[in-house]
Every structure is written in C-alpha cells, then in structure tokens.
Amino acid sequence: MNIEIIKEKLESALVLQECIVKGENGTFQVIAVADFFDGMSRVKKQQTIYAPLTEEIASNAIHALSIKALTPDEWQKQKHFI
C-alpha cells in the first residue's frame, strides 16, 4: 500500500479541499480538510475517513492510521504547526 493509492481513494470518495497522506509499511497519517467536517464529532470524522479504506484496513495493508480531519478554518489555524 502506498500513499498515492490512499490519497486517490479518499479523494474519489470524499469532497476534500486538502488531503495529505504520509507514511509507509502499513502505518499512515492522513490530514483531511473539508467543510462537511463542521459540526461532526471526532469519532464521526474518523469514521468518514475510515469508510473508503475499509478493504485496505481489513486486509492489513493499512494496520495503523492516524487521522486529522479538520474544517478549512481549523486547518488554517493548525497547518503551521504540522
């Protein structure tokens, strides 16, 4: 599993303003930015990101996934620290 495949799956399933994927060897970090995250709980945001990657997680191609799901406003405030 490589970062380009993960990014492509997320971008084809979700309308994201920004999608950054880092990692290797089954351990990945995702930063996803979208307006629709506004008002969602942290758990719901994570479920939204997990959904397009279900097969990869089930097959253990992705065995660790760190998620930051942010609104554009949250991203503007945090991107300088990431």
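In the predicted model, strands β1 and β2 are paired in the antiparallel sense, the two being joined over 7 bridges. Within this pair, Ile 20 stands opposite Ile 31 of β2. The two strands form a hairpin with 2 residues between them, and Asn 25 lies in the turn. The phi angle of Asn 25 is positive, at about 55 degrees, although the residue is not a glycine. Most residues other than glycine have a negative phi. Asn 25, placed in the loop between β1 and β2, is exposed, its relative accessible area being 66%. A positive phi is likewise found at Asn 60, where the value is near 70 degrees in a residue other than glycine; Asn 60 is located in the loop between α3 (54-58) and β3.

The hairpin belongs to an open sheet of 3 strands, arranged in the order β1-β2-β3 with mixed pairing. The edge strands, each of which pairs on one side only, are β1 (18-24) and β3 (64-70). On average, neighbouring strands of this sheet are turned by 10 degrees against each other, when direction is ignored. Strand β2 (residues 27-33) runs parallel to β3, to which it is joined by 7 bridges, and in this pairing Val 30 stands opposite Ile 67 of β3. Two helices pack on the sheet, as described next. Helix α1 (residues 3-13) packs there with contacts to β1 and β2, and its direction makes about 150 degrees with that of β1. Helix α2 (residues 42-50) also packs on the sheet, but touches β2 and β3, its direction making about 120 degrees with that of β3.

The surroundings of two residues in the helices were examined in further detail. Thr 48, which is found in helix α2, has a relative accessible area of 14% and is therefore buried, the cut-off for this class being under 20%. A polar atom of the Thr 48 side chain lies 2.8 Å from the backbone oxygen of Lys 44. When neighbours within four places in sequence are left aside, Thr 48 is in contact with Leu 14, Phe 36, Phe 37 and Met 40. Glu 56, in helix α3, also counts as buried, with a relative accessibility of 8%. The side chain of Glu 56 is joined to that of Lys 9 by a polar contact of 3.1 Å. Apart from residues up to four places away in sequence, Glu 56 touches Met 1, Lys 9, Ala 61 and Ile 62. Lys 9 thus appears both in the polar contact with Glu 56 and among the residues that Glu 56 touches.

Towards the end of the chain, His 80 is found in the segment after α4 (72-78). In contrast to the buried Glu 56, His 80 is exposed, with a relative accessible area of 63%. The C-alpha atoms of His 80 and Gln 29, which are 51 residues apart along the chain, are separated by 17 Å.

Taken as a whole, the protein contains 4 helices and 3 strands, and from the N terminus on its elements follow the order α-β-β-α-α-β-α. The radius of gyration is 12 Å, close to the 12 Å that the globule rule gives for 82 residues, so the protein is as compact as a globular protein of that length. The C-alpha trace spans about 35 × 25 × 20 Å along its principal axes. Of the 82 residues in the protein, 33% are buried. Among the contacts with a separation of 6 or more, 53% are accounted for by residues 24 or more positions apart. The accessible surface of the protein amounts to about 5,200 Å², and carbon and sulfur atoms contribute 48% of this area.

Methods: Residues numbered from 1 in each chain as written. Predicted model: local features only at pLDDT ≥ 70, side-chain atom pairs only at ≥ 80, totals over all residues. Heavy atoms only, no water. Pairing = 2+ DSSP bridges. Axes fitted to C-alpha atoms, helices over the stretch in contact; angles between N-to-C directions. Contact = heavy atoms within 4.5 Å. Buried < 20%, exposed > 50% of the residue type's maximum accessible area, 1.4 Å probe, protein only. Polar contact = N/O pair within 3.5 Å; in protein donor to acceptor, adjacent residues only side chain to side chain. Rg over C-alpha atoms; globule rule 2.2 N^0.38 Å. Areas by Shrake-Rupley, 256 points an atom, 1.4 Å probe, with all protein chains shown as cover.
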